Amino acid sequence: MNLSVTVSAPGKFVILGEHSVVYGKPALALAMDMRFTMHISESSSFMVNGLPATPSTMSPHMKFLSDLHGGNPLSIRIESRVPSGSGLGSSAALSAAYAGAVRSLNGLSCSKESIAKDAYEAEYAAQGRGSPMDTSASVNGGGIALNVPYKPEDFLWRIEKNERVWDVSRIDVPKMTFVIGNTGIRAATGPLVEKVKNYMDSSKFARDIIDEMGDVTLDGMKAIKERDITELGALMTYDHELLSILGVSCPELDKLVKAALPTSYGAKLTGSGGGGCMVALTDQPEKTADAIEAHGGTAYIVSTSVPGVTIKKNEDTKHRRQKRNNRS
Ligand code: PMV
């Protein structure tokens, strides 16, 4: 009988700190109610959505994770509500879900920390650089912060790479409403992260902007603690200006941000930029969504406080384990 699992992991958006987090600066991200789901069973050969796996169906993240832990070939069926190349963490959700599945099927620890670490390594291998923000948000769910002061009970895990260290902690956020606006322009994360790196390598000004973004995120954390939504919104709008200076916005994102602002506390691009999505913090979500749609975007009013990665062993798997346990 084949082992099989259903795994699911959420997409995310970034309140503050994308790009600067790659350099160890603080960041704040929330998981949201768009999920990436995979139904996976052991098989005689790798299959994705009923087709033999090829480099285009099997993403580099999946390949990395399959190679990392070995195990039998898998038949994988994917259902995703996270648009890809849109700054909403689709590849992180894929990595989180698949890391959980591979760990579960191989009888390894499925602690969130172990899944988050594997998922980050997969993202890093696929992208060539990057932070553990997206993968940690997807694995943990809810709200997370990186490299901000935290209470000991909120600490989740530490991830280190090439002399950079990220301490990931959970954050408690007040009830807030966010509207995502999708430009419909797909942009891969890797080249945008590379673009910022090249700018940083050649310009002190760019390095100062990254430092400033780190300070803005710390101010944002203070605003969240003080439940000061007006201040948080203003910081998001300012952060969008800093991201634009870094060269990761585009006219379509600027247009949607501008359209959202009259009905929002603040708005900014979210994720790597260059296209993809913006996010607005608002208490008039319908009006903000209408304004985004009137300017050519697709709007989603999102829910947060959602669970992170979930792993459900299917009946066959459970029975087989139980039988094995009864025998031993
Ligand atoms: O565009 P996304 O969803 O892959 O988010 C990327 C976030 C960055 O900060 C730009 C990169 C990273 O690895 O943190």
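In this predicted model, F155 has a relative accessible area of 33% and is therefore partly exposed, since that value lies between the limits of 20% for buried and 50% for exposed. Y150, at 35% relative accessibility, likewise counts as partly exposed. The rings of Y150 and F155 have their centres 5.5 Å apart and their planes at 35°, so this pair is classed as tilted.

**Aromatic pairs**

A pair of aromatic rings is described by the distance of the centres and the angle of the planes. The structure has 4 aromatic pairs in total, and among them is the pair of Y120 and W166, whose ring centres lie 6.0 Å apart with the planes at 65°, so that the arrangement is edge-to-face. Y120 belongs to helix α3, whereas W166 belongs to strand β8 (residues 164–170), so the pair ties together parts that are 46 residues apart in sequence. Y120 is buried, with a relative accessible area of 1%, and W166 also counts as buried, at 1% relative accessibility. Together with Y124, the residues Y120 and W166 form one aromatic cluster, and the face of Y124 in turn carries K161 over it, at 4.6 Å from the ring centre.

**Salt bridges**

The structure holds 15 salt bridges, including the three set out below.

| Salt bridge | N to O distance |
|---|---|
| K12 and D134 | 3.1 Å |
| R103 and D118 | 2.7 Å |
| K222 and E226 | 3.8 Å |

K12 and D134 join their side chains in a salt bridge; because K12 lies in strand β1 (residues 4–16) and D134 in helix α4 (residues 133–140), the pair ties together parts that are 122 residues apart in sequence. Both K12 and D134 are buried. For the salt bridge between R103 and D118, the partners sit in helix α2 (residues 90–105) and helix α3 (residues 112–127) respectively, so this pair ties together parts that are 15 residues apart in sequence. R103 counts as buried at 11% relative accessibility, and D118 is buried too, with a relative accessible area of 9%.

**Nonpolar core**

The largest nonpolar core comprises 98 residues, and those with the most contacts inside it are F13, I15, M38, I40, Y98, F178 and M278. When residues up to four places away in sequence are not counted, F13 touches A29, L30, M32, L88, F178, I180, T270, V279, V302 and T304. F178 thus appears both among the core residues with the most contacts and among the residues that F13 touches.

Methods
Residues are numbered from 1 along each chain as its sequence is written. This is a predicted model: local features need pLDDT of at least 70, side-chain atom pairs count only at pLDDT 80 or more; totals for chains, interfaces and linings use all residues. Side-chain values use heavy atoms; hydrogens and water are left out. A nonpolar core is a set of buried Ala, Val, Leu, Ile, Met, Phe, Trp, Tyr and Cys residues joined through side-chain atoms within 4.5 Å. Buried means under 20% relative accessible area, exposed over 50%, partly exposed in between (1.4 Å probe, protein chains only). Contact means heavy atoms within 4.5 Å. A salt bridge is a side-chain nitrogen of Lys or Arg within 4 Å of a carboxyl oxygen of Asp or Glu. Helices (H or I, at least four residues) and strands (E, at least two) are DSSP runs, numbered from the N terminus. Rings of Phe, Tyr and Trp (its six-membered ring) pair if their centres lie within 6.5 Å; planes under 30 degrees apart count as stacked, over 60 as edge-to-face and the rest as tilted. A charge sits over a ring if NZ of Lys or CZ of Arg is within 6 Å of the ring centre and within 35 degrees of the ring normal.
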